[in-house]
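Student: I would like to understand how the terms used to describe a protein model are justified. May we go through them one by one?

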Amino acid sequence: MRAALMGVGSLGTIMGALVAKNGGELTLIDANRAHVDALNRNGATVIGKMELTGIPVTAITPDEMEGIYDIVILLAKQTYNDVALRQLLPHLGPDSVVCTLQNGVPEESVGKVIGADRVVGGIVGWGASFRGPGVSELTSDVSAMRYEIGEVDGSKTERIQKVADILSLTGTCVVMDNLMGTRWSKVIQNATLSGMSAALGCTYAEILDNEKAISCAAHVGNEIVQIVRKRGIVLEDLVPGWSYYSLAFEDKAGLEKANEWLRQYFKPHRPLKASMLQDMEKGIRCEIDYIVGICSEWGKKVGVPTPTCDTIIGIVKDFEAGRIPMPTMACLDRFVLPELA
């Protein structure tokens with residue numbers, strides 16, 4: 001069985017090191033030539049919450065791919081999918097499977113390119129930072145290194161177990177029967193605070209401490225809950241005991257409860273700012289279309305208005321097009337929240 005990981009950034013470097021260290025075989029594919037060369041020359045190095053130095057791995061660039069891969073773990077940002085999937089397609093056989101561990105809900109769009117029957121998906125429960133060619137920093141505790149993966153239809157198959165066997169070499173991997181419920185819970189988690197962080201150019205703390213900003217985040221959550229209810233998707237609790245249905249409301253009292261839920265849920269993460277905002281600061285196209293944009297798209301499909309999500313997207317797109325400078329808290333003026341009884 002030939003297995004590969006495509007998109008060897010912060011997470012992929014650590015995963016590749018651990019698979020190799022624990023006796024697995026995984027080809028690492030990345031477009032960053034300097035990173036690939038460093039991995040082959042010096043091995044993969046992990047710092048931070050885990051210390052590994054010079055773990056021998058096999059890394060290649062996409063143009064060096066040969067033959068068919070039976071399993072591919074897709075970790076490239078969705079902004080690169082248009083290129084990455086075209087590069088990958090000639091190296092997939094009729095029984096190959098691609099497990100997308102990307103943000104948002106990528107299974108449908110990935111399936112349109114490579115075939116829906118080849119796609120499974122999952123959630124990564126830990127974080128890392130890329131520190132340079134061949135080096136990645138694990139920023140989460142080792143105990144948090146967890147994956148939840150599954151078939152789109154929730155079935156338990158031999159191929160999903162094979163993917164789980166690979167991921168289990170790098171952490172805890174759970175095969176679930178409600179992939180879409182978990183996916184959309186993660187979208188809510190990201191679109192609320194990360195979306196507002198990108199739109200306001202600020203940390204989570206600045207959102208949580210501002211009454212209008214946190215109310216906007218709650219409205220994002222409420223819009224998404226209405227969408228998943230229309231679609232018949234059952235949300236999963238990503239953190240035990242914390243239900244995303246708490247963000248659904250119809251009046252001022254419900255909004256206040258949603259705001260308080262957000263304050264408590266994100267309290268441990270107050271210093272953070274969205275990775276989307278970090279990309280914007282670097283001049284890199286961010287994943288707004290795949291994290292917040294997908295909510296607006298589905299809102300139109302099922303008849304749920306998404307004015308707050310739409311405003312977030314509008315601000316980020318205006319910045320990317322050079323129409324406005326880097327967003328600040330002043331962009332709150334662009335949000336018009338409905339009057340509640």
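Tutor: The following exchange sets terms against their definitions, for a model that is predicted.

Student: What makes E1 and E2 paired strands?

Tutor: Strands count as paired if there are at least two bridges between them. Strand E1 (residues 3-6) and strand E2 (residues 27-29) are joined by three bridges, so the criterion of at least two is met. The two strands run parallel. Within this pairing, Met6 has Ile29 of E2 as its bridge partner.

Student: To which sheet do these strands belong, and what is the order of the strands in it?

Tutor: They belong to an open sheet of eight strands, in the order E5-E2-E1-E6-E7-E8-E11-E12, with mixed pairing. Strand E5 (58-60) and strand E12 (172-175) are its edge strands, as each pairs on one side only. From one strand to the next, the twist averages 25°.

Student: Why is the pairing called mixed?

Tutor: In general, strands of a sheet pair through backbone hydrogen bonds, either parallel or antiparallel. Here, E8 and E11 are antiparallel, with five bridges, whereas E11 and E12 run parallel, with four bridges. Examples of bridge partners are Val124 with Tyr147 in E11, and Glu148 with Val174 in E12.

Student: How do you know which strands stand at the edges of the sheet E4-E3-E10-E9?

Tutor: This is an open sheet of four strands, again with mixed pairing. Strand E4 (52-55) and strand E9 (128-132) each have a single partner strand, so one side of each is without a neighbour in the sheet. On average, neighbouring strands here are turned by 25° against each other, direction ignored. E9 pairs with strand E10 (residues 135-138) in the antiparallel sense over four bridges, and Ala128 has Leu138 of E10 as its bridge partner.

Student: Which strands does helix H1 lie across?

Tutor: Helix H1 (residues 10-21) lies across strand E3 (44-48), E4, E9 and E10, and runs at about 75° to E4.

Student: Why is Tyr244 called buried?

Tutor: The relative accessible area of Tyr244 is 1%. A residue is buried under 20%, so Tyr244, at 1%, is buried. The relative accessible area of Tyr265 is 8%, so Tyr265 is buried by the cut-off of 20%. For Phe266 the value is 4%, and Phe266 is therefore buried too.

Student: What makes Tyr244 and Tyr265 an aromatic pair, and why is the pair edge-to-face?

Tutor: In general, a pair of aromatic rings is described by the distance of the centres and the angle of the planes. The centres of Tyr244 and Tyr265 are 5.8 Å apart, and the limit is within 6.5 Å, so the rings pair. The angle between the planes is 70°, and over 60 degrees counts as edge-to-face, so the pair is edge-to-face. Tyr244 lies in the loop between H8 and H9 and Tyr265 in helix H9, so the pair ties together parts that are 21 residues apart in sequence.

Student: How do you know that Tyr265 and Phe266 form an edge-to-face pair?

Tutor: Their ring centres are 4.9 Å apart and their planes are at 75°, so they satisfy both the 6.5 Å limit and the condition of over 60 degrees. Tyr204, Trp242, Tyr244, Trp261, Tyr265 and Phe266 form one aromatic cluster.

Student: What makes Arg231 a charge over the ring of Trp298?

Tutor: Arg231 lies over the face of Trp298, at 3.5 Å from the ring centre; the distance limit is within 6 Å. The charged end of Lys301 also sits over the ring of Trp298, at 4.2 Å from its centre.

Student: Which residues touch the most other members of the largest nonpolar core?

Tutor: In this core of 60 residues, they are Trp184, Met196, Ile224, Leu262 and Phe335. Helix H6 (179-200) and helix H8 (211-231) are among the helices that each supply at least two residues, and H6 gives the most, with 11 residues. Leu262 touches Leu193, Leu208, Ile214, Ala217, Ala218 and Leu247, leaving aside residues up to four places away in sequence. Another core, of 40 residues, lies apart from it and includes Leu5, Ala59, Ile160 and Val163.

Notes:
Residues are numbered from 1 along each chain as its sequence is written. This is a predicted model: local features need pLDDT of at least 70, side-chain atom pairs count only at pLDDT 80 or more; totals for chains, interfaces and linings use all residues. Side-chain values use heavy atoms; hydrogens and water are left out. Axes are lines fitted to C-alpha atoms, for helices over the stretch in contact, and angles run from 0 to 180 degrees between N-to-C directions. A nonpolar core is a set of buried Ala, Val, Leu, Ile, Met, Phe, Trp, Tyr and Cys residues joined through side-chain atoms within 4.5 Å. Buried means under 20% relative accessible area, exposed over 50%, partly exposed in between (1.4 Å probe, protein chains only). Contact means heavy atoms within 4.5 Å. Rings of Phe, Tyr and Trp (its six-membered ring) pair if their centres lie within 6.5 Å; planes under 30 degrees apart count as stacked, over 60 as edge-to-face and the rest as tilted. A charge sits over a ring if NZ of Lys or CZ of Arg is within 6 Å of the ring centre and within 35 degrees of the ring normal.
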